[in-house]
Amino acid sequence: MFEHRWSVLEWIDGTDAWTARHDFGDRSLGPLANDLGHRVRAIGEITTIEVRRRSPGSRGGLLGPLLDSLAVWLHDPTWHAADLIDVAAVERLAEEARELVDEPTIEGLVHGDLIPGNLLRDSGRLAASIHWAT
């Protein structure tokens with residue numbers, strides 16, 4: 001028996017962006033990226049849902065502890081990060097993000113798992129963000 005609450009909602013047309021990654025070819029990802037940016041902003045503007053605090057270092061939590069966790073993951077030999085991603089590029093981006101660690105934060109709703117497999121794309125545009133949890 002599955003012990004967690006879940007829902008079945010109506011079908012949404014589209015293919016997850018991870019499965020469709022080879023279909024992009026040389027086409028610009030600009031429209032999809034623009035749609036995603038609007039989605040993230042719209043989620044952040046939702047104020048009618050009570051949100052729970054994220055623990056330090058977790059997705060959606062404070063940036064500093066998350067960057068510290070990222071640094072550990074990038075160099076932990078168990079994960080072989082260099083076989084999966086460009087570690088130097090991620091470290092450069094993380095260093096840029098670290099400049100924002102002391103900026104004031106506003107708590108709000110986030111989708112803590114916006115990976116390609118959780119983004120449905122239809123006709124090159126974002127159709128939905130899926131896999132929501134509490």
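Visitor: Why is Arg 125 called partly exposed?

Guide: In this predicted model, Arg 125 has a relative accessible area of 40%. Partly exposed covers the range between under 20%, which is buried, and over 50%, which is exposed, so Arg 125 with its 40% belongs in that range.

Visitor: What makes Asp 35 count as buried or exposed?

Guide: Its relative accessibility is 14%. The limit for buried is under 20%, so Asp 35 counts as buried.

Visitor: How do you know that Arg 125 forms a salt bridge with Asp 35?

Guide: Look at the distance between the closest N and O atoms of the two, which is 2.5 Å. A salt bridge needs a side-chain nitrogen of Lys or Arg within 4 Å of a carboxyl oxygen of Asp or Glu, so this Arg and Asp pair qualifies. Arg 125 lies in strand 3 and Asp 35 in helix 1, so the salt bridge ties together parts that are 90 residues apart in sequence.

Visitor: How many salt bridges are there by this rule?

Guide: The count comes to two. In the other salt bridge, the side chains of Arg 98 and Asp 68 meet at 3.3 Å, N to O, and that value is also within 4 Å. This pair links distant parts of the chain, with Arg 98 in helix 4 (residues 87-98) and Asp 68 in helix 2 (residues 63-75), 30 residues apart. Arg 98 is partly exposed at 33%, and Asp 68 is partly exposed at 42%.

Visitor: Back to helix 1, please. What makes its length close to the expected one?

Guide: Helix 1 runs over residues 30-44 and has 15 residues. From its first C-alpha to its last it reaches 21 Å, and 21 Å is what is expected at 1.5 Å a residue.

Visitor: Which residues of helix 1 are buried, and how do you know that they share a side?

Guide: Leu 32, Asp 35 and Ile 43 are buried. They cover an arc of only 70° around the axis, which puts them on the same side of helix 1. The buried residues pack against strand 3 (125-129), while the face turned away from them carries the exposed residues His 38 and Arg 41.

Visitor: What does Leu 32 contact beyond its neighbours in sequence?

Guide: Leaving aside neighbours within four places, Leu 32 is in contact with Phe 24, Gly 124, Arg 125 and Leu 126. Leu 32 also belongs to the largest nonpolar core, together with Ala 17, Phe 24, Leu 119 and Leu 126.

Visitor: Why are strand 1 and strand 3 said to stand at the edges?

Guide: The open sheet has three strands in the order 1-2-3, with antiparallel pairing. Strand 1 (15-16) and strand 3 each have a single partner strand, so one side of each is left without a neighbour in the sheet.

Visitor: What makes strand 1 and strand 2 a pair?

Guide: They are joined over two bridges, in the antiparallel sense. Pairing asks for at least two bridges, so strand 1 and strand 2 meet the requirement. Thr 15 has Arg 121 as its bridge partner in strand 2.

Visitor: Why is Arg 121 called buried?

Guide: Arg 121 has a relative accessible area of 10%, and buried means under 20%, so the name fits. Leaving out residues up to four places away in sequence, Arg 121 touches several residues, including Gly 14, Asp 23, Phe 24 and Ala 127.

Definitions and conventions. Residues are numbered from 1 along each chain as its sequence is written. This is a predicted model: local features need pLDDT of at least 70, side-chain atom pairs count only at pLDDT 80 or more; totals for chains, interfaces and linings use all residues. Side-chain values use heavy atoms; hydrogens and water are left out. A nonpolar core is a set of buried Ala, Val, Leu, Ile, Met, Phe, Trp, Tyr and Cys residues joined through side-chain atoms within 4.5 Å. Buried means under 20% relative accessible area, exposed over 50%, partly exposed in between (1.4 Å probe, protein chains only). Contact means heavy atoms within 4.5 Å. Helices (H or I, at least four residues) and strands (E, at least two) are DSSP runs, numbered from the N terminus. The expected span of a helix is 1.5 Å times one less than its number of residues. The arc is that of the directions from the helix axis to the C-beta atoms.
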